[in-house]
Amino acid sequence: MYVVRRWWDRNGIRLGLVGLALGSAWLIRQTQGALIYEVYRGFSNPFVGRPVETTATKDPKVLELEQQLVELQSQNRQLQELLGYIQQNPGKGTVAPVIGRSADHWWQQVILGRGERDGIQVGAIVSGEGGIVGRVVQVTPHTSRVLLISDPTSQIGVTVSRSRNMGYIRGQSANRVIMEFFDKVPDVRPGDVVSTSSYSQLFPPGLPVGIVESVNLNKSPAPEAVVELSTPISRLEWVVVSTNPKAGGTELSPQENLDGSQNSDPDPLGDNQ
Amino acid sequence: MTIQLTRWPSYWRRALNWGITVGSVFLCLLVLPTRFPGMSLLDVGPNWLLVWVVAWSVKRTMLEGALAGLTLGLIQDGMTAPDPTHALSLVAIGVITARLQKQRYIQEDFISIALIVFGMAVLAETITALQFSLHTILASPEMVERDLGSIWLYHQRIALASAILSSLWAPVVYYPLNRWWERFAEIDQPQA
C-alpha cells in the first residue's frame, strides 16, 4: 500500500497530465478540430478583404456570351418543362473566403470562413470562377472544410460535353486531373469541355469542370485524358458555396464523410451513350 | 524574470510551464492551415507539429516523445482526415529523436536541430506514404483511391519540400521553447 501511495505521490500529477493531454487530443480528433478552426477563423477574420468585383473588367465579348447563355438556359428550361423533366437546380450560393489550406500535405483541402451559421451543410458544392472546386466535407459554426476535386480520393463522374462520352476524373494533387473513360474508344479531343455527368452521385449534372488538354487512347485498362481544371485551384481566394440537391438524396456513411472519399458510380456505363 | 519566477509557488510555476507548452502547441496548430508567402514551396508548408515534436523530444525520454507524438498526431487527424493516421509517424519521430541522445553526441546548436528535423520530415512523409501504399495494396481493386506510382511520385515532391521548409523554420519553434524549458528546469530543480 505504502509503495503504491509513494508511487502515486510522485507520478500522480504526471499521469493526470498525460491523461488530460491524450483526452483532449482525442476530443479534438472526434470533433474534427472544430475548436481550432473556430479560433483560426477568429484570427484570420480581420485579414479577409472583400470579394473583388470583376464586372468592370468584363469585355464586350464576354457580356455577349453571357447574354447568349442566359437565353439558352431559359430555352433549355422551357424545353425540359415541356418534356416534364424535373431537375433540381443548385440553390443560390453563399460567397465564402478561403482562409486556409489543408493541415497536412497529403490532402487537398481548403478551409472556408463561412459555416453552419451561414447555411452551409456537409455535401454542399463549392465552385470558383470557372467551375466546380470541391465539396464540403465538414462544417463548424463558422468554418467549413472542402475536399477539392484535385484530391486523389475525389472521384467524380464526368462527361465530355460535345460527345457525351462518360468517365470519371481522379485528382492528381495539381491543377490537372486524369479522366478515365468507360468507353474503349471515346470520341474526345483536346479542347473539349468536361462537365459533371448525371451519374455522379455527389454532384448535380452539367457543372463545368475543365478542358481536355491531352488524350491517351492507348492507356490500359481504360483510355485516359488529362483535363485542365478551369478554376485555378492553387490560387483560390473566394468561392461560392451552393446547396447540393443530391446531398440529401445520397446516404453518406459517416466514414465517407470523415475521410472524404467520394465514390462516383464505378459501373461500366459504356452502354449508356 | 528569473528572480520573480523563483519567488512563485512551485505549483504556479508548473502551471505556467504547462500553459506555455500547451500554448505553443496551439500556436503550431493555428499556423498549420496557413500558406504564407516565403513559408511555402510547391504549395507545401513546414510541418510545424513535427518541428514541435522534435523540439520536445530532443532532451526527453522515448516515452515522453511517443506521448507527445501520439497527442499531436490525434489532433492532426482531426484537422485533416483520420485515415491513415498521422499519429504513427509523429510517435516514430518522437521515439527516434529521443533515442538520438543529441546532447551526448552532437553539440548544441541550430544546425544539428535543423539536420534532425530534415531527416525526420523525410521519415514522416515516408511513413505516411507507406501507410497509403498499404491501403492501396490491401484494398479491393475498385476501391483504390491512389495508385502506387502516384503516391511515391507525390512523396518525392512533398518530402523534399517539407524537409527543406521544416528544417529552415525549425529554430523559430525550437529556440524559444528550448530556452524556456531550460530556464524552467534550472528554477524548478532545487526544490524538487
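User: Hi! What does it take for a charge to sit over a ring?
Analyst: A charge sits over a ring if NZ of Lys or CZ of Arg is within 6 Å of the ring centre and within 35 degrees of the ring normal. This is a predicted model, where local features need pLDDT of at least 70 and side-chain atom pairs count only at pLDDT 80 or more, while totals for chains, interfaces and linings use all residues. Residues are numbered from 1 along each chain as its sequence is written, chains are lettered from A in the order in which they are written, and side-chain values use heavy atoms, without hydrogens and water.

User: Cool, which ring faces does Arg60(B) lie over?
Analyst: Arg60(B) lies over the face of Trp56(B), 3.8 Å from the ring centre. The charged end of Arg60(B) also sits over the ring of Trp181(B), at 4.4 Å from its centre.

User: And Trp56(B), buried or exposed?
Analyst: Buried, with a relative accessible area of 11% (buried means under 20%, exposed over 50%, partly exposed in between, using a 1.4 Å probe and protein chains only).

User: New topic: how many aromatic pairs are there?
Analyst: Nine over all chains. Rings of Phe, Tyr and Trp (its six-membered ring) pair if their centres lie within 6.5 Å; planes under 30 degrees apart are stacked, over 60 edge-to-face, and the rest tilted.

User: What about Trp107(A) and Phe132(B)?
Analyst: They form a tilted pair, 6.3 Å centre to centre with 55° between the planes. Trp107(A) is buried at 4% relative accessibility, and Phe132(B) is buried at 6%.

User: Which aromatic cluster is Tyr154(B) in?
Analyst: Tyr154(B) forms one cluster with Trp106(A), Trp107(A) and Phe132(B).
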